[in-house]
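Colleague: I am new to this structure and would like a close look at one part of it, taken together with whatever surrounds that part. Please go slowly and connect each point to the one before.

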Amino acid sequence: MAAIMHRLLKPTSPSLSSSISLLRRSVSTFPQNAVADPKGRNVQWVFLGVPGVGKGTYASRLSSLLGVPHIATGDLVREELASSGPLSNQLEEIVNQGQLVSDEIIISLLSKRLEAGESKGESGFILDGFPRTIRQAEILDEVTDIDLVVNLKLREDVLLEKCLGRRICSECGKNFNVASINVKGDSGRPAMSMAPLLPPLQCASKLVSRADDTEDVVKERLRVYYEKSEPVEGFYQSQGKLMEFDLPGGIPESWPKLLEALNLDDHEEKRSSAVA
Ligand SMILES: [Zn+2]
């Protein structure tokens, strides 16, 4: 196993370098005439954030607002697994053995996704779940310019409560959250409230929590996440691209503040008045 990892991660690994050149090609050939950006293209952003923070939700809302694809590497892995694509067998084995999907595979899935988008005329992207390691960040840097990295943060006690409040309907599989967050403000920290996401009547009696959503497991998951993400955050911090964003509450409180922080509050006004 270690030998395989070593081979995959070695910069000279032929399959990795061919993936990188594929990625380089697909990124550099994005149409350069899209959207009125000083760089002549749409945004190229990365979203970081601990699992449970709602990163996918915010990344997805922003991507519709800006007209760029929201590319979540978790989705790419799931889609490949569900397909009969060239990597699906290899992936199935890795996932079944509980191993981490290698940088090589993630990069090759990402380049495939970018190429497919490019052929449809896509420009720009919001990446979610990538890069997860310094090595991935370095590879991404070799092939494209990331404009901005948004690091979504939520105070840990609230995050824990949110994670422990997750429920799934055992019948339809929909996700809900029974945690009703209501913390008072204290020294230096404002009060925070987040409404639960309650199920409709037909699901209410069928809710179950995931076996791995116990307090100890969630805490361990957070610890592992912080340990891994810190170097990646540092990498972008040193490039002056990291924007830390403390979520002030649920979506109704956080969304307008996030737009403001990204200088997009104007953008949404124009868009909604155009729609109306
Ligand atoms: Zn249901």
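**A loop, the sheet beside it and a kinked helix**

Modeller: Let us begin with Pro131, which lies in the loop between β3 and α7, and keep in mind throughout that this is a predicted model. The peptide bond that leads from Phe130 into Pro131 is cis, its omega being near 0°. As background, most peptide bonds are trans, and most residues other than glycine have a negative phi. A departure from the second of these habits is found at Asn263, a residue other than glycine whose phi is positive, near 60°; we shall come back to Asn263 at the end.

From this loop we can step back to the sheet that contains β3. Five strands, in the order β2-β3-β1-β4-β10, form an open sheet whose pairing is parallel. The strands at its edges are β2 (70-72) and β10, and each has a single partner strand, so one side of each is left without a neighbour in the sheet. From one strand to the next, the twist averages 25°. Helix α3 (residues 55-66) packs on this sheet, where it touches β1, β2, β3 (125-128) and β4, and the direction of α3 makes about 175° with that of β3.

The pairing can also be followed residue by residue. β1 and β4 are joined in the parallel sense over 5 bridges; along them, Val46 has Val149 of β4 as its bridge partner, and Phe47 stands opposite Val150 in β4. On going from β4 to β10 we again find parallel pairing, over 5 bridges, with Asn151 standing opposite Glu244 in β10.

Phe47 also leads us to the interior, for it is one of the residues with the most contacts inside the largest nonpolar core, a set of 39 residues, and the others named with it are Leu110, Ile126 and Leu127. The element that gives the most to this core is helix α6 (residues 103-119), which supplies 6 residues.

We now come to helix α10 (residues 215-238), which deserves some patience. Its 24 residues, at 1.5 Å a residue, should span 34 Å, and since its end C-alpha atoms are 34 Å apart, the expectation and the model agree. There is nonetheless a kink in α10, of about 35°, at Ser229, shortly before the proline Pro231. Among the residues of α10, Val218, Val232 and Tyr236 are buried, and the elements that cover the buried residues of this helix include β1 (44-49), β4 (148-153) and β10 (242-246), together with helices α7 (134-143) and α8 (156-164).

Gly234 belongs to α10 as well, yet its surroundings place it in another class: it has 13 C-beta neighbours inside 10 Å and therefore counts as partly exposed. Although 100 residues separate Gly234 from Ile134 in sequence, the two are 9.3 Å apart in space, C-alpha to C-alpha. After α10 comes Gly240, whose phi is positive, near 70°.

A second sheet should be mentioned for the sake of contrast in its pairing. Here 3 strands, ordered β6-β5-β9, make an open sheet, and the pairing is antiparallel. β6 (175-177) and β9 (207-208) stand at the edges with a single partner strand each, so that one side of each has no neighbour in the sheet. β5 (residues 166-169) and β9 pair over 2 bridges, in the antiparallel sense, and Cys169 stands opposite Leu207 in β9.

Finally, we return to Asn263, which is found in the loop between α11 (251-261) and α12. With 8 C-beta neighbours inside 10 Å, Asn263 counts as exposed, because the limit for that class is 12 or fewer. Asp265 lies in helix α12 (residues 265-275), and its 13 C-beta neighbours inside 10 Å make it count as partly exposed. If residues up to four places away in sequence are left aside, Asp265 touches Pro256, Leu259 and Glu260. Between Asp265 and Trp255, which are 10 residues apart in sequence, the distance from C-alpha to C-alpha is 9.7 Å.

Methods: Residues are numbered from 1 along each chain as its sequence is written. This is a predicted model: local features need pLDDT of at least 70, side-chain atom pairs count only at pLDDT 80 or more; totals for chains, interfaces and linings use all residues. A nonpolar core is a set of buried Ala, Val, Leu, Ile, Met, Phe, Trp, Tyr and Cys residues joined through C-beta atoms within 7 Å. A residue is buried if 20 or more other C-beta atoms lie within 10 Å of its own, exposed if 12 or fewer, and partly exposed in between; C-beta atoms are placed from the backbone. Helices (H or I, at least four residues) and strands (E, at least two) are DSSP runs, numbered from the N terminus. Two residues are in contact if their C-beta atoms, placed from the backbone, lie within 7 Å. The expected span of a helix is 1.5 Å times one less than its number of residues. The bend at a residue is the angle between axes fitted to the seven residues ending there and the seven starting there. Two strands pair if DSSP finds at least two bridges between them. Axes are lines fitted to C-alpha atoms, for helices over the stretch in contact, and angles run from 0 to 180 degrees between N-to-C directions.
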